[in-house]
Amino acid sequence: MKNQQSGFTLIELIAVIVILGILAATAVPKFVNMSQAAEQAAVDGMGGTLGSAMAMNYANAVAFTAGLVGVSSATTVTNCTDAASLLSGGATALPTGYVITANPFPATAVIGDALACTLTFKTRTKTFQAIKT
């Protein structure tokens with residue numbers, strides 16, 4: 001009786017390992033780029049939130065000025081950094097590491113004037129608009 005062994009040869013195993021190595025080498029850089037894109041998306045999202053908060057605060061100021069019943073006065077905005085105070089939870093709701101560049105409105109600014117503001121996290125930035133109220 002002849003015993004026949006079955007299995008993979010050393011050459012076949014090495015070929016599979018080489019192919020897996022090539023696939024891994026092409027996939028790793030994609031994952032590194034995803035973390036950078038995720039950082040930028042987070043900054044974009046927070047910038048959008050701050051811009052929306054400014055717009056809602058301005059709309060509230062217009063409604064209050066028009067005498068709409070049941071509307072409280074709006075938060076006064078005189079500087080880009082005031083945007084953080086409009087977040088739910090106040091200025092402390094701005095996540096750690098995010099910085100809003102101080103940019104005050106000129107003395108001649110009136111309610112409704114817009115000002116470009118910059119939000120920064122590490123090296124990522126997003127511009128949003130402050131609206132004077």
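## Confidence in the model

What is the mean pLDDT of the protein, and what share of its residues reach 70 or more? The mean pLDDT, where pLDDT is the predictor's confidence in each residue from 0 to 100, is 90, and 98% of the residues reach 70 or more. Among the elements of the protein, H1 has the lowest mean pLDDT, at 90, and E1 the highest, at 95; helices (H or I, at least four residues) and strands (E, at least two) are DSSP runs, numbered from the N terminus.

This is a predicted model, in which local features need pLDDT of at least 70 and side-chain atom pairs count only at pLDDT 80 or more, while totals for chains, interfaces and linings use all residues. Residues are numbered from 1 along each chain as its sequence is written, and side-chain values use heavy atoms, with hydrogens and water left out.

## Helix H1

Helix H1 runs over residues 10-65, and its 56 residues reach 82 Å from the first C-alpha to the last, close to the expected 82 Å, a span defined as 1.5 Å times one less than the number of residues. After H1 comes glycine 67, which has a positive phi near 85°.

The buried residues of H1 (buried means under 20% relative accessible area, exposed over 50%, partly exposed in between, with a 1.4 Å probe and protein chains only) include Val43, Met46, Leu50 and Met54. What covers the buried residues of H1 includes strands E1 (98-100), E2 (114-121) and E3 (124-131).

## The disulfide and asparagine 79

A search of the whole structure finds 1 disulfide, a term for a pair of cysteine sulfur atoms within 2.5 Å. Cysteine 80 and cysteine 117 form this disulfide, with their sulfur atoms 2.0 Å apart. Because cysteine 80 lies in the loop between H1 and E1 and cysteine 117 in strand E2, the pair ties together parts that are 37 residues apart in sequence. Both cysteines, 80 and 117, are buried.

Asparagine 79 is also found in the loop between H1 and E1, and it counts as buried because its relative accessibility is 16%. Leaving aside neighbours within four places in sequence, asparagine 79 is in contact (heavy atoms within 4.5 Å) with Met54, Ala102, Asn103, Pro104 and Phe105.

## The aromatic pair

The structure holds 1 aromatic pair; rings of Phe, Tyr and Trp (its six-membered ring) pair if their centres lie within 6.5 Å, and planes under 30 degrees apart count as stacked, over 60 as edge-to-face and the rest as tilted. Tyrosine 98 and phenylalanine 121 form this stacked pair, 4.7 Å centre to centre and with 20° between the planes. The pair links distant parts of the chain, since tyrosine 98 is in strand E1 and phenylalanine 121 in strand E2, 23 residues apart.
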